[in-house]
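The following exercises concern a pocket, a helix and a group of paired strands. Each task is followed by a solution that proceeds step by step.

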Amino acid sequence: MKATETTAPIGSLTGRRPLPPEMSERTGCPFDPPAARFRLLEEQGPVAKVPLLNGAHVWLVTGYQEVRNAISDIRLSSDVVRNTNAMSLTSEQVTTGSCPAQPDLQRTDGMFIFMDPPEHSRLRKVLTSQFTVRRMRALDQRVHEITDELITAMQGAGTTADLVTDFALALPSLVICELLGVPYEDRAEFQERSAITLNINNTPEQQRDAGIALWEFMRNLVIAKRTAPGDDMLSGLISGELAADPPLTDAELIDIGVTLLGAGHETTANMLALSVFALLEHPEQLAALRNDPTLIDAAIEELLRYLSVSHTGPTRIALEDITLGGVEIPAGDTVVISLPTANRDEERWPEPGQLDVTRPRDTGHMAFGYGIHQCLGQQLARVELRVGLVELFTRLPGLRLAAPAAEIPLRTDMVVFGVHSLPVAWD
């Protein structure tokens with residue numbers, strides 16, 4: 001295993017987050033973004049300079065239009081491997097300036113979410129071809145089957161459960177395992193490693209070790225798929241009719257697999273559990289959904305907007321001096337994009353702080369990002385949310401929290417927001 005194939009992308013993906021604590025803390029309503037970000041918006045505007053704990057600074061973008069502009073501006077690079085990302089620097093690196101940008105670095109990895117065109121375009125095109133209508137339809141059926149199995153198991157064990165471990169995490173994990181061809185018995189290993197890499201309180205060494213273990217896990221799977229391909233996405237990327245030309249290298253396949261595996265279960269699992277929590281805490285909204293089941297698709301879009309589980313947000317690096325929201329951002333500076341506050345912008349939505357499942361469906365939220373880096377698996381995530389929510393509230397009558405809402409542990413220590421556990425009961 002070459003260090004350049006693992007440590008640089010994985011380190012950029014994880015890394016401790018040196019944002020001031022108040023920029024991540026959620027007080028009061030558990031579904032609201034950190035209040036400090038809104039205060040910053042009111043005091044300094046939608047683009048504000050924020051000092052980091054490591055001695056560097058970033059530009060935090062909070063307004064809807066400014067976020068949309070930032071995500072689609074090609075002068076703001078996603079390539080945090082070649083470019084220096086202030087969020088990943090240590091205090092010593094900031095003081096000594098010992099982590100310069102490497103614009104001429106030859107990339108050999110497959111971390112497409114940290115790439116710009118044309119490298120990103122090449123990998124994105126190949127991946128998009130694998131999300132075929134046939135495969136998505138087959139997964140739709142499997143989502144129903146898996147959901148039925150999980151709820152049946154919950155009912156068989158009694159009338160209480162931890163919805164995170166028994167359902168919300170298991171459903172998308174099973175689905176992404178089938179999509180990529182990962183043996184289900186291995187899911188506990190990748191979930192544990194993934195959780196370590198995404199916990200911002202873990203040390204860089206812990207995150208790096210977990211990231212390398214994930215890389216090794218996927219490397220073994222790629223080797224197995226090259227030897228005995230199946231009817232799964234990873235096999236399709238290797239030898240299917242729509243495989244890349246020229247073929248993807250092992251390093252590219254491994255990184256793509258790790259990225260999809262993590263993104264395919266972490267975000268949807270937390271969105272699913274948090275959606276149940278939010279609906280139980282807003283009984284009038286749950287009642288509206290029960291009274292009119294046709295609202296489910298609009299409700300899912302509203303939940304995505306209202307909750308927006310991307311806790312910190314995408315990071316970009318200015319390739320040149322730019323003006324964003326009337327603010328001058330020098331070349332080389334880091335820009336952090338706050339999707340949760342953008343999706344609560346009162347200039348874009350009436351009463352954005354209110355959960356309203358009757359809100360028009362086409363709201364233009366950016367919970368899945370925007371532009372060329374918009375989430376590849378968003379339609380699958382919508383299927384999992386739709387089936388999961390409908391079946392839970394249909395088959396578990398009287399579904400309710402089994403602990404006070406104030407005692408539900410929030411994932412403010414993670415890159416993806418949600419709840420660590422959600423004790424529930426039903427009749």
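**Exercise 1. Describe the second largest pocket and its lining.**

Solution. The model is predicted. Begin with the volume: the second largest pocket holds about 360 Å³ of space. Next, identify the lining, which comprises 17 residues; L41, R344, D345, E346 and E347 are the closest to the pocket centre. Then assign the lining to elements: α2 (35-44) and α3 (64-72) are those that give two or more residues. Finally, sort the lining by class: seven residues are charged, five are polar and five are nonpolar.

**Exercise 2. Compare the span of helix α10 with the expected value, and state which of its residues are buried.**

Solution. Helix α10 covers residues 204-227, 24 residues in total. At 1.5 Å a residue, 34 Å is expected. From the first C-alpha to the last, α10 reaches 35 Å, close to that expectation. For burial, the criterion is under 20% relative accessible area. The buried residues of α10 include A210, L214, W215, F217, M218 and L221. An α-helix has 3.6 residues a turn, so residues three or four places apart point the same way.

**Exercise 3. Determine how strand β2 is paired and how far it is covered.**

Solution. Take β1 (residues 47-51) as one partner: five bridges join it to β2, and the two strands run antiparallel. Here A48 stands opposite L60 in β2. Five residues separate β1 and β2 in a hairpin, and G55 in the turn has a positive phi of about 95°. Now take β8 (residues 334-337): four bridges join β2 to β8, and these strands run parallel. In this pairing, V58 stands opposite T334 in β8. As to coverage, four of the five residues of β2 (residues 57-61) are buried.

Notes:
Residues are numbered from 1 along each chain as its sequence is written. This is a predicted model: local features need pLDDT of at least 70, side-chain atom pairs count only at pLDDT 80 or more; totals for chains, interfaces and linings use all residues. Side-chain values use heavy atoms; hydrogens and water are left out. On a 1 Å grid over the protein atoms alone, a cavity is a set of points where a 1.4 Å probe fits but cannot get out, and a pocket is an open set with protein on both sides within 12 Å along at least five of seven lines; lining residues have an atom within 4 Å of a point. Grid points are joined across faces, edges and corners, and a volume is the space filled by probe spheres set on the points. Ala, Val, Leu, Ile, Met, Phe, Trp, Tyr, Cys and Pro count as nonpolar, Asp, Glu, Lys and Arg as charged, and the others, Gly among them, as polar. The expected span of a helix is 1.5 Å times one less than its number of residues. Buried means under 20% relative accessible area, exposed over 50%, partly exposed in between (1.4 Å probe, protein chains only). Two strands pair if DSSP finds at least two bridges between them.
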